[in-house]
Amino acid sequence: RPGETDFNPIRVGPSVLRSTFIHAPGVGYTTESRLWHTGFRTWDAFLGGRPRVRLGDRRLQVVRTEIERSLDRLREGNYRYFARRLRPRDAWRALGEFGDRAAFLDIETTGLRRERHHVTIIGLHDGRRMRSFIEGVDLEEFPAAIGKAPLVVTFNGAAFDVPFLRASWPQLRFDQIHVDLRYPFHQLGLQGGLKRIEGHLGLERADDVAGLTGADAARLWRRYERGDEDALDALLAYNREDVENLRPLARYAYGALRARCFGDREPRRPSL
């Protein structure tokens with residue numbers, strides 16, 4: 001798409017992860033906000049100063065130890081450390097550090113129940129190219145592809161995509177940082193499904209897939225199983241839109257939430 005390349009951390013603004021204290025023991029959102037507004041907006045500032053927060057000397061030392069450890073793990077590129085430390089609602093903060101190697105993911109299935117239905121298509125964009133894994137063709141190659149990413153971006157993936165994938169591949173660890181965009185958009189006051197949020201932000205889909213739903217995706221797969229190759233093409237196009245729209249949405253959510261944290265100017269609506 002014109003003007004859309006990889007998810008570059010420079011474009012989304014300064015690192016929010018290096019300004020994050022909420023993962024440290026004893027630090028809540030109020031304390032973190034107080035740190036930011038008293039001049040301690042980064043780990044380096046915190047370690048180099050004397051924060052005036054009501055934690056007590058002993059607890060403050062515990063926080064300092066955690067921040068020192070976090071700096072070391074970030075220098076090592078240890079994304080698993082932050083995957084364990086960040087709550088789902090805060091995982092978006094890691095986009096500025098790991099977003100340049102993110103995997104944008106969406107799946108299609110034969111239905112909504114894991115005990116009765118299965119994965120048919122997996123769309124995966126690594127910031128450079130789009131890959132579509134198809135049942136009966138190359139679906140078994142997916143675990144190797146996703147294993148290379150330190151961060152995974154989905155929409156409602158915590159409730160749908162990831163449980164389905166784990167049911168298909170019980171050995172799949174899925175230990176990456178997982179940014180489920182449903183959480184940051186909820187914090188921005190935008191609720192509902194992916195297409196509703198796209199519409200609110202002015203993202204338009206191609207005419208040939210506009211209006212299609214997950215139920216349509218299941219019907220297209222059944223048509224493909226009966227020999228309709230055009231149905232598979234339509235299903236792949238639908239899935240591709242789901243995946244590729246995650247990238248501008250992630251960039252927008254990151255910028256908007258960062259602005260709310262620090263009082264900066266909010267970003268313009270995303271464009272394709």
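Aromatic pairs come first here: the structure holds 11 of them, counting Phe, Tyr and Trp rings (the six-membered one for Trp) whose centres lie within 6.5 Å. Keep in mind that this is a predicted model, where local features need pLDDT of at least 70, side-chain atom pairs count only at pLDDT 80 or more, and totals for chains, interfaces and linings use all residues. Numbering runs from 1 along each chain as its sequence is written, and side-chain values use heavy atoms, with hydrogens and water left out.

**Aromatic pairs**
- Phe 133 and Phe 142 sit 5.9 Å centre to centre with 75° between the planes, making the pair edge-to-face (over 60 degrees; under 30 is stacked, the rest tilted).
- Both of these Phe residues, 133 and 142, are buried (under 20% relative accessible area, 1.4 Å probe, protein chains only).
- Phe 142 also pairs with Trp 169: the centres are 5.5 Å apart and the planes at 40°, so this one is tilted.
- That pair links distant parts of the chain, 27 residues apart: Phe 142 belongs to helix H6 (residues 142–146), Trp 169 to the loop between helix H7 (161–168) and strand E5 (177–180).
- Trp 169 is buried, just like Phe 142.
- Elsewhere, Trp 43, Tyr 81, Phe 82 and Phe 98 make up one aromatic cluster.

**Overall fold**
- The chain has 11 helices and 5 strands (DSSP runs, H or I of at least four residues and E of at least two, numbered from the N terminus).
- Buried residues account for 52% of the 272 in the chain.
- The C-alpha atoms fill a box of roughly 70 × 40 × 30 Å along the principal axes.

How values were computed:
Buried means under 20% relative accessible area, exposed over 50%, partly exposed in between (1.4 Å probe, protein chains only).
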